[in-house]
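Let's take a quick walk through this model and see how its pieces fit together. Have the sequence and the coordinates open while you read.

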Amino acid sequence: MSEVLLSATNLGVKRGNRWLIKGVDISLEAGQITTVIGPNGAGKSTLVRSLLKLIKTTSGDITAIKGLRIGYMPQKLKLADTLPLTVARFLDLGRHKQHQLSPQLWHDLLHECRAEKLLDRPMQELSGGETQRILLLRALLRKPHLLVLDEPVQGVDVTGQVSLYNLIGEVRNILGCGILMVSHDLHLVMAATDQVICLNQHICCSGHPEQVSQDPAFTDLFGPQGAGNLALYNHQHNHHHTSHGEIIAGQHHEDCDHG
């Protein structure tokens with residue numbers, strides 16, 4: 001069994017009289033890619049921010065290995081057009097003196113991210129796919145134990161998405177790090193992840209992904225059209241939610257059985 005890097009038990013965040021997430025148990029392991037899926041407003045960003053301790057939680061416990069290093073890749077980057085910032089300078093700003101990559105590892109990651117020819121380019125001139133690869137590379141500069149990716153293929157065309165997901169897998173292999181990924185691009189991401197967590201304020205179900213399929217059990221979460229286009233693993237989602245994501249009385253998330 002791989003080392004558990006970060007885990008949470010009964011994690012909950014409440015704002016006003018509404019739970020954004022509630023009763024979440026999650027365990028992130030070294031060498032494992034975990035992907036969180038769910039509809040808009042399901043609490044995916046709240047979960048990530050809670051795990052990173054960027055927001056105050058209402059309930060639950062979070063534990064991590066001593067000295068856990070986390071690399072974070074945001075959805076997108078906004079830079080002023082007038083800011084003279086090359087790729088090389090942008091990466092230098094993200095370096096950490098205490099946890100430097102070895103020259104060989106830096107070379108390997110630079111090569112995997114296909115960034116060698118981009119170093120002298122202004123950040124503002126990069127394509128969507130190039131920008132995401134540089135953001136990923138910057139997140140790796142501290143040689144993280146855990147890599148957190150928030151919608152990593154945002155603004156990237158389909159060909160670039162396939163390439164980027166392959167790259168994420170290669171980074172995992174090179175560093176042996178755990179990866180927590182939030183994504184909507186399930187038709188591609190399901191082939192690039194080890195564990196899937198279906199979130200709608202609570203964890204509806206979790207498990208290993210299977211081949212692309214149409215599963216009517218997801219219709220409640222994604223709608224008929226969305227569910228019909230997603231590559232998902234089989235499970236039984238035997239409860240329903242209100243428009244705010246609350247479980248209808250008398251039904252509990254334990255009713256979600258893995259298929």
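Below are some notes on confidence, overall make-up, two sets of paired strands and one well-covered helix.

## How far to trust it

Keep in mind that this is a predicted model. Mean pLDDT for the protein is 81, with 77% of the residues at 70 or more. Confidence peaks in strand S1, at a mean of 97, and bottoms out in strand S10 (residues 235-236), at 38.

Two stretches deserve some caution. Across residues 230-238 the pLDDT is below 50, yet the model gives this stretch 49 contacts beyond near neighbours in sequence. Residues 252-259 also stay under 50, and there the model has 23 contacts beyond four places in sequence.

## The overall picture

The protein has 7 helices and 11 strands. Of its 259 residues, 48% are buried. About 12,800 Å² is exposed, and carbon and sulfur atoms supply 49% of that area.

What share of contacts between residues at least 6 apart in sequence join residues at least 24 apart? The figure is 68%.

## An open sheet near the start of the chain

Three strands make an open sheet in the order S2-S1-S4, with antiparallel pairing. Strands S2 (18-29) and S4 (59-64) are at the edges, and each has a single partner strand, so one side of each is left without a neighbour in the sheet. From one strand to the next, the twist averages 10°.

Strand S1 (residues 4-15) pairs with S2 over 8 bridges in the antiparallel sense. If you want one bridge to look up, Lys14 has Trp19 in S2 as its partner. Helix H1 (residues 44-51) packs on this sheet and touches S1, S2 and S4. The direction of H1 makes about 60° with that of S2.

## Strand S3 and its parallel partners

Is strand S3 (residues 33-37) mostly covered or mostly open? It is mostly covered, with 5 of its 5 residues buried. Both faces are covered: Ile33, Thr35 and Ile37 are buried on one side, and Thr34 and Val36 are buried on the other.

Which strands does S3 pair with in the parallel sense? One is strand S7 (residues 178-182), joined over 4 bridges. Another is strand S8 (residues 195-200), which runs parallel to S3 and is also joined to it by 4 bridges. Thr34 is a handy residue to click on here: its bridge partner in S7 is Leu180, and its bridge partner in S8 is Gln195. As a reminder, strands of a sheet pair through backbone hydrogen bonds, whether parallel or antiparallel.

## Helix H4, mostly under cover

Helix H4 (residues 128-139) passes a simple geometry check. At 1.5 Å a residue, its 12 residues should span 16 Å, and the end C-alpha atoms are 17 Å apart, which agrees.

H4 is mostly covered, since 9 of its 12 residues are buried, where buried means under 20% relative accessible area. The buried residues are Glu130, Thr131, Gln132, Arg133, Ile134, Leu135, Leu136, Leu137 and Ala139. What do they pack against? Their neighbours include three helices by name, H2 (87-93), H3 (103-112) and H5 (158-175). They also pack against strands S5 (70-73) and S6 (146-150).

Conventions
Residues numbered from 1 in each chain as written. Predicted model: local features only at pLDDT ≥ 70, side-chain atom pairs only at ≥ 80, totals over all residues. Heavy atoms only, no water. Pairing = 2+ DSSP bridges. Helix = DSSP H or I, 4+ residues; strand = E, 2+ residues; numbered from the N terminus. Axes fitted to C-alpha atoms, helices over the stretch in contact; angles between N-to-C directions. Contact = heavy atoms within 4.5 Å. pLDDT = per-residue confidence, 0-100. Buried < 20%, exposed > 50% of the residue type's maximum accessible area, 1.4 Å probe, protein only. Areas by Shrake-Rupley, 256 points an atom, 1.4 Å probe, with all protein chains shown as cover. Expected span 1.5 Å × (residues − 1).
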